[in-house]
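Visitor: I'd like a close look at a single part of this one, with enough of the surroundings to place it. Could you show me the model before I get specific?

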Amino acid sequence: MPEFSAIKTAHLVWEEGSPRNTDFDDRYFASEGGLEETSYVFIGQNRLSERMALAPSFTVAETGFGTGLNFLATLDTWVRCAPADAQLNFISVELNPLSKADLERALSAWPLLADYAHALLQVYPPAMPGYHRVLLQEGRVSLTLMLGDAVHMFSQLEASVDAWFLDGFAPSKNPGMWTEALFRQVSRLSRPGATFATFTAAGHVRRALESVGFTVSKFEGFGRKREMLCGEMRQPLVSTSAAPWYSPPSPISRESRQAVVVGAGVAGMVMAHTLADRGWNVTVCERAAQIAQEASGNPAGIVLPRLTLDMNLEAQFYVSAFLTAARFYGRLQKRFPAFQWRARGVLQLLDEARTRRIGALGLPTEVVEVLDQAAAQHIVGLSCASGGLFFPSGGWLDPRLLCTLLREDAAPRITLRTACNVQRLEHINGEWRLIDDTGETIAHAPVVVLANGYSANRFDLCRWLPLTPVRGQLSYLPVTETSSRLKVAVCYEGYVIPGEGGRHYVGATYDTRDLSLAVRRADHEHNLSALRMRLPDFTAVDAGGLDGRVALRTSTEDHLPCIGPVPDERYYLEHYADLSDGKPANLYPPAAYHPGLFVSVGHGSRGLTSSWLAAEMIAAQIDGGVAPVPRDMAQMLHPGRFLVRRLKRNE
């Protein structure tokens, strides 16, 4: 994985209403005829109108997002031509994205696309390295915008592309976007029969495209450009996986859109809602009498990312998950005003040295602001022991209400079955059967997602998963005149949430040895002590008179969630038994999985943040769609990582 590097937005000058990138001395589009050029070169030469009319799902990829004009023109074509239930996936890459203000100014040149431009601006991501998945048109359009070096970003992508827009700045201005290394990735990601179009007719571009499997033809160019290139993929290149034990599972047939989710907490209901949004009918099986009864039954929870001093892959996952979750909560609140997503920001108190080092990473202020002690106290409304990191789009919510509204929002595609205790799973004739303790079949479907926390490894097929229950006690603290000034949620070794209904929620203990669900005075004292150390305006309270709640969260041995397909343990032990010998990866076969079986577990105390991206990852694996995270991130979270580590250690 390359070292983390901050993204710099594009430097522009404006010439007669057209933006020019000063770093590459090239225009994004002509002040006259820009939309017409996009329609002729990319929409027309890829034959998108007729192809989209016949496709239930269509994927376009682009080398250079720029102003987003190509995306909006493609979206307009798709809306006019595609079936009403079709799905559009658009993938693009950008090393130096436009600022939101520059993007808005650039797109104002196209009044015919104003509605689409407004929708894009509403979800346009901050300049944070990595993958950004945003949804438009009620979820029927996904835009995967990858911010970073094009070759690296595409090398990490899992997708099957139908049409390519090769649209970097001119080869003479930006040769890095026209290399054989990039075209090899273009070939790898192409379906047989995939098309491409590009405004250039440069000879080295034509030869490079032919060398990776495209047939290439010259056509009359647009405007002053005499010629352009377009073509079709004959035979895509097949790359050798560096980690075949993490190879993606085979997609599930689209003919049967039936799935079962086990567990009706946050992870399970988010998973069910995500599948329902994609047209699946989902049965949710919950052993308790109601939804959200374990850790998801807490009255409040905080949504924020986890940053590290080097912004390693784990931190990048949590930032991506955080941005994904915040967007979904914002969408849900628009549908259900009673949801009360409190997106007022979250402050994480840190010592000065850590705060300064994270500030030096150059992360966008839309994600995090670095505050000294005085600024932190102004944001919080109370005295703080230190400064820290402020996440302006963070917030808090009621997980119980979230689970209820997710079911309501996706009705009638979600069927909830409570008080049903799944004891075992059986795969018969291409279907999973969920059997209860009496031997009766509770539900059946070709796809099952286990989102039932530490209970997932009760099933024989998942018994090897190292899932650990973790006891956490929450304290309910009465609001006082002083504490009522708390304006945002604050995290430290614990956390406190601004008062509502006369209470602050203060948490939470972390205990893997004692799993009692009894509320204890000693744990209240622990929570209150940590609170007063960081926010000294909170006065001493008799812990013996406090109410609270105890729940069991689920952790893993590396404290990261398990997200993805469930490996066939016997196959791994047989085919990867000698991983400790250091043999080349290309000598091993691809992974084998229990078909249609997935897990989303081990989210710990961050499920409100991580469950949405986890669900998007699994949904893409089920459908064979565009992965919302880079390959190395998916491998970091892959359930099979625990088997692979054991085998590499020769255990």
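Visitor: How many bridges join strand S4 to strand S5, and do the two run parallel or antiparallel?

Guide: Keep in mind that this is a predicted model. Strand S4, residues 57-62, is joined to strand S5, residues 87-94, by 6 bridges, and the two run parallel. For a spot to zoom in on, take Ser57, which stands opposite Gln87 in S5.

Now for the sheet around that pair. S4 and S5 belong to an open sheet of 8 strands, and its order reads S6-S7-S5-S4-S8-S9-S11-S10. So S5 sits between S7 and S4, while S4 has S5 on one side and S8 on the other. The pairing across this sheet is mixed. At the edges you'll find strand S6 (130-136) and strand S10 (214-220); each has a single partner strand, so one side of each is left without a neighbour in the sheet. Ignoring direction, neighbouring strands here are turned by 20° against each other on average.

There's another open sheet to set beside it, made of 3 strands in the order S1-S2-S3 with antiparallel pairing. Its edges are strand S1 (12-15) and strand S3 (26-27), and each has a single partner strand, so one side of each lacks a neighbour in the sheet. Strand S2, residues 18-21, is linked to S3 by 2 bridges, with the strands running antiparallel. Within that pairing, Arg20 has Arg27 in S3 as its bridge partner.

On to helices. Helix H1 (residues 34-44) and helix H3 (residues 69-81) have axes that come within 10 Å and cross at roughly 70°. That angle makes H1 roughly perpendicular to H3, and the crossing is right-handed. On the H1 side the contact uses Gly34, Leu35, Thr38, Phe42 and Ile43, while H3 brings Leu69, Asn70, Ala73, Thr74 and Thr77. Sorted by class, that contact has 5 nonpolar and 5 polar residues, with no charged ones.

Further along the chain, try helix H9 (residues 266-277) with helix H13 (residues 399-410): their axes come within 9 Å and cross at roughly 20°. H9 and H13 are therefore roughly parallel to each other, and H9 passes H13 in a left-handed crossing. From H9, the residues involved are Val266, Met269, Val270, His273 and Ala276; they meet Pro399, Leu402, Cys403, Leu406, Arg407, Asp409 and Ala410 in H13. By class, this contact has 9 nonpolar, 1 polar and 2 charged residues.

A few backbone details may catch your eye too. The peptide bond from Ala411 to Pro412 is cis, with omega near 5°, and Pro412 lies in the loop between H13 and strand S19 (414-417). Gly507 and Ala508 are also joined by a cis peptide bond, where omega is about -20°; Ala508 is in the loop between strand S27 (503-507) and helix H14 (521-534). Then there's Ala292, not a glycine, yet with a positive phi of about 55°. You'll find Ala292 in the loop between strand S13 (281-285) and strand S14 (301-303).

Zooming out, the protein has 18 helices and 30 strands. Its C-alpha trace spans about 85 × 60 × 50 Å along the principal axes. With 651 residues, a compact globule would have a radius of gyration near 26 Å, and the protein's 26 Å agrees with that.

Conventions:
Residues are numbered from 1 along each chain as its sequence is written. This is a predicted model: local features need pLDDT of at least 70, side-chain atom pairs count only at pLDDT 80 or more; totals for chains, interfaces and linings use all residues. Side-chain values use heavy atoms; hydrogens and water are left out. Axes are lines fitted to C-alpha atoms, for helices over the stretch in contact, and angles run from 0 to 180 degrees between N-to-C directions. Helices (H or I, at least four residues) and strands (E, at least two) are DSSP runs, numbered from the N terminus. Angles under 35 degrees count as roughly parallel, over 145 as roughly antiparallel, 65 to 115 as roughly perpendicular and the rest as oblique. A crossing is left-handed if the near helix is turned anticlockwise from the far one by less than a right angle, and right-handed if clockwise. Contact means heavy atoms within 4.5 Å. Ala, Val, Leu, Ile, Met, Phe, Trp, Tyr, Cys and Pro count as nonpolar, Asp, Glu, Lys and Arg as charged, and the others, Gly among them, as polar. Two strands pair if DSSP finds at least two bridges between them. The radius of gyration is taken over C-alpha atoms; the globule rule is 2.2 Å times the number of residues to the power 0.38.
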